[in-house]
Amino acid sequence: MVQPLEALVETPSQTAGPYVHIGCIPSFAGLDGVYPEDLGKSPISEGAKGEIISITGAILDGTGWALRDAMIESWQADAAGISPGDDGADPKVTGFCRFATDKDSGDFTLRTVKPGPVRGRNGQVFAPHISLWIVARGINIGLNTRIYFDDEDNSADPLLARIEQRPRVDTLIAKTTGAGSYRFDIRLQGKGETVFLDL
Amino acid sequence: MTDRAALMPRRRELQPDPYVPDYKTSVTRSPALPLLSMESTPSEETGPRFGHSLLGPLDNDLIRNFSEGKALAIGERIRVHGRVLDETGRPVPQTLVEIWQANAGGRYRHIKDTYFAPLDPNFGGCGRTITDDDGRYEFMTIRPGAYPWPNRANDWRPMHIHFSVFGHAFGQRLITQMYFQGDPLIDLCPIAATIRDRSQLYRLVAPLDMQQSRGMDYLAYRFDIVLRGRRQTMFENKPEGM
């Protein structure tokens, strides 16, 4: 026999369901007045340092149909690559945003500041990216992915380097559509399936 | 500077399967390719923090928050309470817990819910709170009703409350559902069944807690939540080769 390992196990996830908006962004669900405003309405406030960008996209299911009922959360560093809350971070960047796919078109838009490169352990440097967490009806455990940018140098990013099938790297890179605007579509399944993360 | 140790890897085999044919919507919304696994990075090890200034006085009282205290929601009065811990057993203090649920008749106040059970004019269905220094939280609410949903021809959701918990790191983010002890619909529910391991599923079933109930007022249910932990080691953050 050996000493027992005393460890708890993470609580199992369950789908956020079709009514996730009630709990997380009630005004979007038509439930006004419970809170002054929806949490994570914007990841930045007036005066945030850096380039203001806007990313639009859709979340497509295995048939190519855009989800109309998903909620996304984003989390990112400021323009200098410093995590909100850390010493020296831009006080105008909360870094956290909640947004939904439109109930008619299926598109989402995230307006934020472009993050800087982020330093990790052992001298690792990650190219500028925004982390996403996607929940919806039919998604039993939230899906993690990242947005990188086609106008940044992604060649040395340690996460992108781990993707064996090189064409799949493209699924994590937002494409420039104009000055400060990008397109980033997420494919849950099938041809062009987005790389989802377990980290 | 917050704690930056790596997160323990998720025990995916104990989490729900993404693809479960009996839960029809999951069929086209589940990735078919493997996830890319690697050690967590600062983007997962940090996360948003929310302070008490966020909260209004009735935010954790769903019986009264929609009417701003002017009238009470219809239904069985219950208190839901518990602790948020991490996998090392330590409490997760000062973290945001959000809940949402159907009303006593099984109807959500949501533009897309068309079930004909009536809305309660005094029930909104959402609430939030922040855990105390011991990771404790509590809500007052009404017991939500079971309701039918479009999946197989006669599927019903057991009574449940949706929970959203942040922890202190974006990689700890969790959304789950709390079920109620004794509800026979749990074992018939294809969403509950996405968790293959029944002993894991039963961790989502809150027991009746008579000790914390109050006579002539409310029944209590206890629901503890465990978030991912961090590896505890002195051998972190050393430059390569040292």
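In this predicted model, chain B holds an open sheet of five strands in the order S4-S3-S8-S9-S10, and the pairing in this sheet is mixed. Strand S4 (126-130) and strand S10 (205-206) of chain B are its edge strands, each pairing on one side only. Within the sheet, strand S8 (residues 160-165) and strand S9 (residues 174-180) of chain B are antiparallel and share six bridges. One position in this pairing is His160(B), which stands opposite Tyr179(B) in S9(B).

Strand S9 of chain B also contains Ile175(B). Ile175(B) counts as buried because it has 23 C-beta neighbours inside 10 Å, and 20 or more are needed for that class. Apart from neighbours within four places in sequence, the contacts of Ile175(B) in chain B are His162(B), Phe163(B) and Ser164(B). Ile175(B) is also in contact with Ser13(A), Ala16(A), Val135(A) and Gly142(A) of chain A. From Ile175(B) to Arg29(B) the C-alpha to C-alpha distance is 17 Å, with their places 146 residues apart in the sequence.

**Where the chains meet**

In total, 61 residues of chain A are in contact with 73 residues of chain B. On the chain B side, the elements that each supply at least two residues include helix H1 (25-29), helix H2 (42-45), helix H3 (198-201), S8 and S9. The side of chain B that touches chain A is made up of 31 nonpolar, 25 polar and 17 charged residues. Strand pairing also crosses between the chains: strand S12 (residues 197-198) of chain A runs parallel to S1(B), joined by two bridges. Leu197(A) has Leu36(B) as its bridge partner there.

**Chain A**

Chain A has one helix and 12 strands, and the helix comes ahead of the strands when read from the N terminus. Its C-alpha trace spans about 65 × 45 × 40 Å along the principal axes. The radius of gyration of chain A is 18 Å, which agrees with the value near 16 Å for a compact globule of 199 residues. Of these 199 residues, 49% are buried. Among contacts in chain A between residues at least 6 apart in sequence, 67% join residues at least 24 apart.

Strand S2 (residues 71-75) of chain A is mostly covered, with five of its five residues buried. Met71(A), Glu73(A) and Trp75(A) point one way from S2(A), while Ile72(A) and Ser74(A) point the other way. The table lists two strands that pair with S2(A).

| Partner of S2(A) | Sense | Bridges | One bridge pair |
|---|---|---|---|
| S3(A), residues 96-100 | antiparallel | five | Met71(A) and Ala100(A) |
| S7(A), residues 130-135 | antiparallel | five | Trp75(A) and Ser131(A) |

Strands of a sheet pair through backbone hydrogen bonds, in either a parallel or an antiparallel sense.

**The nonpolar core**

Which residues of the largest nonpolar core touch the most other members? They are Ala70(A), Met71(A), Ile134(A) and Val135(A), in a core of 105 residues. Met71(A) is also one of the buried residues of S2(A), and Val135(A) is among the contacts of Ile175(B). Not counting residues up to four places away in sequence, Ala70(A) touches Ile59(A), Ala100(A), Thr101(A), Ile134(A), Val135(A) and Ala136(A). In soluble globular proteins, nonpolar side chains tend to be buried together.

Terms used:
Residues are numbered from 1 along each chain as its sequence is written. Chains are lettered from A and ligands numbered from 1 in the order in which they are written. This is a predicted model: local features need pLDDT of at least 70, side-chain atom pairs count only at pLDDT 80 or more; totals for chains, interfaces and linings use all residues. Two strands pair if DSSP finds at least two bridges between them. Helices (H or I, at least four residues) and strands (E, at least two) are DSSP runs, numbered from the N terminus. A nonpolar core is a set of buried Ala, Val, Leu, Ile, Met, Phe, Trp, Tyr and Cys residues joined through C-beta atoms within 7 Å. A residue is buried if 20 or more other C-beta atoms lie within 10 Å of its own, exposed if 12 or fewer, and partly exposed in between; C-beta atoms are placed from the backbone. Two residues are in contact if their C-beta atoms, placed from the backbone, lie within 7 Å. Ala, Val, Leu, Ile, Met, Phe, Trp, Tyr, Cys and Pro count as nonpolar, Asp, Glu, Lys and Arg as charged, and the others, Gly among them, as polar. The radius of gyration is taken over C-alpha atoms; the globule rule is 2.2 Å times the number of residues to the power 0.38.
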